[in-house]
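Trainee: I would like a close look at a single part of this model. Please take one helix and walk me through its surroundings.

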Amino acid sequence: VARQTHSRLAEQQQQAHAQGQWQQAQQRQQVDTVQWLTALRQAPAQLWVSQVRQHDTHWAVHGEALGATDVDQWLAQLTALPVWQKPPEVHQLQFTRSVAGTGAWVWQFRIEAQLKGGR
């Protein structure tokens, strides 16, 4: 009976520890998310974000800008955030017609990064 009780208590302690670690990781990721969401709101007016994806710690943003320098400027703002395991990098930057259907020529971009924390 004492062994069973000890075993059960050890298992409960291990589970509580694992849940505590999970909760801490989720809280860190939430703080990181709030920081990069703030950076999204501070994007230059000449830059339009069409899609943001986050899967675990992988982060990606797609959009269009009037100039390549607008993308570079925003990339510098994003890179300055303390939330990255691997800082943001431009994975696509091409001058093409807007997907918005206006016929305007814009710079389409995709930026990817790895957030800190997670698994």
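Mentor: Here is a walk along helix H1, then out to the sheet and the core. Keep in mind that this is a predicted model.

Start with the helix itself. H1 runs over 2-41. Its length can be checked. At 1.5 Å a residue, its 40 residues should span 58 Å, and the end C-alpha atoms are indeed 58 Å apart, so the two values agree.

Now look at Glu 11. This residue lies in H1. Its relative accessibility is 54%, and exposed means over 50%, so Glu 11 counts as exposed. Compare its position with that of Ala 43. The two are 32 residues apart in sequence, and their C-alpha atoms are 48 Å apart in space.

Move along to the buried residues of H1. They are Ala 25, Gln 29, Asp 32, Thr 33, Trp 36, Ala 39 and Leu 40. The spacing is worth a thought. An α-helix has 3.6 residues a turn, so residues three or four places apart point the same way.

What covers these buried residues? The cover includes strand E1 (47-55), E2, H2, strand E3 (84-97) and E4. H1 lies across E1, E2, E3 and E4, and runs at about 170° to E1. H2 also lies across E1, E2, E3 and E4. Its quoted angle is about 170° to E3.

Next, the sheet. Four strands form an open sheet in the order E1-E2-E4-E3, with antiparallel pairing. E1 and E3 stand at the edges with a single partner strand each, so one side of each has no neighbour in the sheet. From one strand to the next, the twist averages 15°. E2 and E4 pair over eight bridges, in the antiparallel sense. Ala 60 stands opposite Glu 112 in E4.

Last, the core. The largest nonpolar core has 19 residues. Trp 59, Trp 74, Trp 84, Phe 109 and Ile 111 touch the most other members. H1 supplies at least two residues of this core, and so do strand E2 (58-65), helix H2 (68-79) and strand E4 (105-115). In soluble globular proteins, nonpolar side chains tend to be buried together.

Trp 74 brings the picture back to H1. Leaving aside residues up to four places away in sequence, Trp 74 touches Ala 39, Leu 40, Ala 43, Pro 44, Leu 47, Val 49, Val 61, Phe 109 and Ile 111. Two of these contacts, Ala 39 and Leu 40, are also among the buried residues of H1.

Terms used. Residues numbered from 1 in each chain as written. Predicted model: local features only at pLDDT ≥ 70, side-chain atom pairs only at ≥ 80, totals over all residues. Heavy atoms only, no water. Core = buried A, V, L, I, M, F, W, Y, C linked by side-chain atoms within 4.5 Å. Buried < 20%, exposed > 50% of the residue type's maximum accessible area, 1.4 Å probe, protein only. Contact = heavy atoms within 4.5 Å. Expected span 1.5 Å × (residues − 1). Pairing = 2+ DSSP bridges. Axes fitted to C-alpha atoms, helices over the stretch in contact; angles between N-to-C directions.
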